[in-house]
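User: Please take a close look at one part of this structure, the pairing of its strands, and explain it step by step. I would also like to know what lies around that part.

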Amino acid sequence: MSSITVVSAPAKVLIAGGYLVLDQKFTGLVISASSRFYTVIQDYQKPGHIVVRSPQFIGAEWSYSVTVHDDGKVDVSQASESKNKFVYFALKYTLMLASERLSAVGSARSLRDSLQCGLDVVAAGDNDFYSQQAKLQELNLPATVATLASITPFCPQDVKLDNTKKTGMGSSAALITSIVSALLLRLGVVTQEEFSQPDSNARKLAHNTAQFVHCFAQGKLYTRFNPALLDNLMKGGDGPLSLSPVLSPGDHWDCQVVPIRLPPLVRLVLADVSAGSNTPSLVGKVLKWRREKADQADALWAAIDTSNQTLAAHLRHLSDLSEQQAGLYASAVTRMSGAPSSEWLDGVESEKPIVEAFLDLRETSENTRGLMRQMGKAAGEEVHIEPDTQTELLDASIAQKGVICGGVPGAGGYDAIWLLLFDPNDGTSTESKERGAKIEKIDEVPGLRVIVQLRR
C-alpha cells in the first residue's frame with residue numbers, strides 16, 4: 001500500500017468536572033478546541049516493523065517488530081531502547097483488535113499483507129499543545145496571539161519529549177485517538193466511508209479502543225462507564241485476551257455523552273503558563289483523601305457537581321438567548337466586551353436578561369473555582385489544584401475587560417489556565433466545527449508534510 005493515511009483528533013479542555021469524572025455518578029464539561037493532533041501512516045519498506053516518530057522532539061522515535069501468527073495471535077516487541085508506553089499500548093492493542101476483527105470476517109491474511117512493507121507512523125501536534133515561549137524568545141517576538149500564529153506549523157521543540165511543557169489540552173488523549181483511528185483505517189478494520197459518518201459504529205469502535213488504551217497506559221480505570229466493563233482487559237497479561245467483544249459498540253458501553261456548545265461570540269483561550277504538573281500524582285492524592293475522608297469528600301463533590309451542572313445550564317441558556325434575541329444578544333456582547341463586569345448592567349434595560357445570564361455564568365464559575373480550591377486544601381498540602389500563583393493570575397485575568405470567567409483545566413495544577421472571552425467580531429478565533437477525529441489529506445494541512453519528512 002503506497003497511499004498515505006492521515007487522521008487528526010481535536011484538543012479538548014475539561015473546564016468543569018476535574019476529578020469528578022473519575023466517578024460515573026458525576027459529569028464533566030469538555031470543550032473541543034480547534035487545535036488538532038495528527039497521525040500520518042505510510043509504508044516503511046521494512047517488513048514486519050513499525051517505527052513511530054514524533055519529529056517535533058529530539059530523540060522521539062520508537063521501533064517495534066510485529067509478528068502475526070497463523071492462529072491470529074499478534075506479538076509486538078519493542079526494538080528500540082527508547083520507550084513510550086502510550087504509543088506501545090496503542091499499537092499493541094489496536095493490532096490485536098485488528099487481527100480479531102479481520103479473522104472474524106475471513107480476512108486474516110489482510111493484516112499480514114498490510115504489514116508486509118512495515119509502517120512508518122508520524123505523530124505531530126499543533127503548536128498550541130506545547131509552550132511556545134522559548135520559540136518566541138528565540139525569534140525576539142512578543143507573546144501575542146498574532147505572533148503565536150506566525151510560528152512555523154508543527155514547530156520543532158529543541159527538547160526531549162519528557163522535558164516539554166504542555167498547555168493542558170489533552171495531548172495524550174488526542175495522540176492515542178489519532179493513532180488508534182489511523183491504524184484501524186490503514187489495516188482495513190473500518191472503511192473511510194464508515195468512519196466519516198457521525199455516530200457510526202466505526203467511530204465508536206475507535207473511541208472505545210482509545211478509551212481502553214488511555215486507561216491502560218495511565219494504569220487507572222476512569223469510570224466514565226461501568227468499571228467492570230474493562231476489568232479483564234485492564235489485567236493484561238500474555239494469555240488469551242479477546243478485545244472485540246468488549247470494545248465493539250453496544251449497550252454495555254453505558255457512558256452518556258450530551259452535546260453542548262459555547263454561546264456565539266464567545267471564545268475559549270488557554271494561557272501558556274510554561275509550567276507543568278504531574279496529573280496522575282494529583283489524582284492519586286485526591287482519591288486517597290476521598291477514601292479516607294468519605295463523608296467530607298462526598299459532600300464536597302456533590303456541591304462541585306451541582307455547580308458544574310449549573311455552569312452547563314447557563315451555557316445552554318445563553319445559546320438559547322442568542323437564537324431568540326439575536327440582535328440584542330450581539331449588541332450586549334459588543335458593549336460588555338469593552339467594560340469591566342461591574343459595569344455590564346449599567347443603563348441596559350432591554351439587554352438585562354442577557355447580561356444577567358452572563359453574570360450568572362461568571363458567578364457560577366467563580367463558585368466552582370472556590371470549591372475546587374477547598375478540595376485541594378482538604379486533600380493535603382501538596383495537592384495544588386489551583387496553586388496560589390494560578391489564583392493570582394486568574395484573578396488578574398478575569399478582572400480584565402472582555403473576560404467572562406476562567407479556571408484551571410482538568411486536574412488543575414500549574415499546566416495552564418482557561419478563559420472565556422467576548423469575541424464580538426467573531427473573526428479573531430477559529431471555531432472547532434468538526435466532531436472528533438477526522439480523515440485528512442496531508443497537503444491540505446499546512447506544514448504537515450514538512451514535519452513528516454523531518455528526521456532528528
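Analyst: A disulfide is a pair of cysteine sulfur atoms within 2.5 Å. By this rule, the count for the structure comes to 0 disulfides. The structure is a predicted model, and every statement that follows should be read with this in mind. Two cysteines may nevertheless be noted: Cys-155 counts as buried, at 3% relative accessibility, and Cys-405, at 1%, also counts as buried. Cys-405 will return below as a bridge partner.

We turn now to the strands. Strands of a sheet pair through backbone hydrogen bonds, and this pairing may be parallel or antiparallel. One open sheet here contains 7 strands, in the order E5-E4-E3-E6-E2-E1-E10, and its pairing is mixed. Which strands stand at the edges? They are E5 (74-78) and E10 (438-439); each has a single partner strand, so one side of each is left without a neighbour in the sheet.

Next to the E5 edge, the pairing can be followed residue by residue. Strand E3 (residues 49-53) runs antiparallel to strand E4 (residues 61-68), and 5 bridges join the two. Two bridges illustrate the arrangement: Val-52 has Trp-62 as its partner in E4, while Arg-53 is matched there with Glu-61. A helix also packs on this sheet: H5 (residues 171-186) touches strands E1 (5-16), E2 (29-43), E6 (119-125) and E10, and its direction makes about 45° with that of E2.

E4 also pairs with E5, again in the antiparallel sense and over 5 bridges. In this pairing, Ser-65 has Ser-77 of E5 as its bridge partner. The two strands form a hairpin with 5 residues between them, and in the turn Gly-72 has a positive phi of about 95°.

Val-66 offers a useful view from within E4, the strand in which it is placed. Is Val-66 buried or exposed? Its relative accessible area is 10%, which lies under the 20% limit, so Val-66 is buried. If its neighbours within four places in sequence are left aside, Val-66 is in contact with Gly-48, Ile-50, Val-74, Asp-75, Val-76, Leu-95 and Leu-115. By contrast, Val-66 and His-214 are 21 Å apart in space, C-alpha to C-alpha, and 148 residues apart in sequence. As a general point, the side chains of a regular strand alternate between the two faces of the sheet.

A second open sheet has 3 strands in the order E7-E9-E8, with antiparallel pairing. Its edges are E7 (266-272) and E8 (403-407), each with a single partner strand, so one side of each has no neighbour in the sheet. On average, neighbouring strands of this sheet are turned by 25° against each other, direction ignored. E8 and strand E9 (residues 416-422) run antiparallel and are joined by 4 bridges. Cys-405, already described as buried, has Leu-420 as its bridge partner in E9. Helix H14 (residues 388-398) lies across E8 and E9, running at about 10° to E9.

Finally, we consider the aromatic rings. A search of the whole structure finds 15 aromatic pairs. In one of them, the rings of Tyr-38 and Phe-154 have centres 5.5 Å apart and planes at 80°, so the pair is edge-to-face. Tyr-38 lies in strand E2, whereas Phe-154 lies in the loop between helix H4 (145-150) and H5, so the pair ties together parts that are 116 residues apart in sequence. Tyr-38 counts as buried, at 7% relative accessibility, and Phe-154 is buried as well, with a relative accessible area of 2%.

Another pair consists of Tyr-329 and Phe-358, whose ring centres are 6.0 Å apart and whose planes are at 40°, so the pair is tilted. Tyr-329 belongs to helix H12 (residues 326-336) and Phe-358 to helix H13 (residues 352-379), so parts 29 residues apart in sequence are tied together. Both rings belong to buried residues: the relative accessible area is 2% for Tyr-329 and 0% for Phe-358.

Ring pairs also link Tyr-64, Tyr-88, Phe-89, Tyr-93, Phe-212 and Phe-216 into a cluster. Charged side chains meet rings too: the charged end of Arg-203 sits over the ring of Phe-195, 5.0 Å from its centre, and Arg-290 lies over the face of Trp-301, at 4.0 Å from the ring centre.

Methods
Residues numbered from 1 in each chain as written. Predicted model: local features only at pLDDT ≥ 70, side-chain atom pairs only at ≥ 80, totals over all residues. Heavy atoms only, no water. Pairing = 2+ DSSP bridges. Contact = heavy atoms within 4.5 Å. Axes fitted to C-alpha atoms, helices over the stretch in contact; angles between N-to-C directions. Buried < 20%, exposed > 50% of the residue type's maximum accessible area, 1.4 Å probe, protein only. Phe/Tyr/Trp six-rings, centres within 6.5 Å; stacked < 30°, edge-to-face > 60°. Lys NZ or Arg CZ within 6 Å of the ring centre and 35° of its normal.
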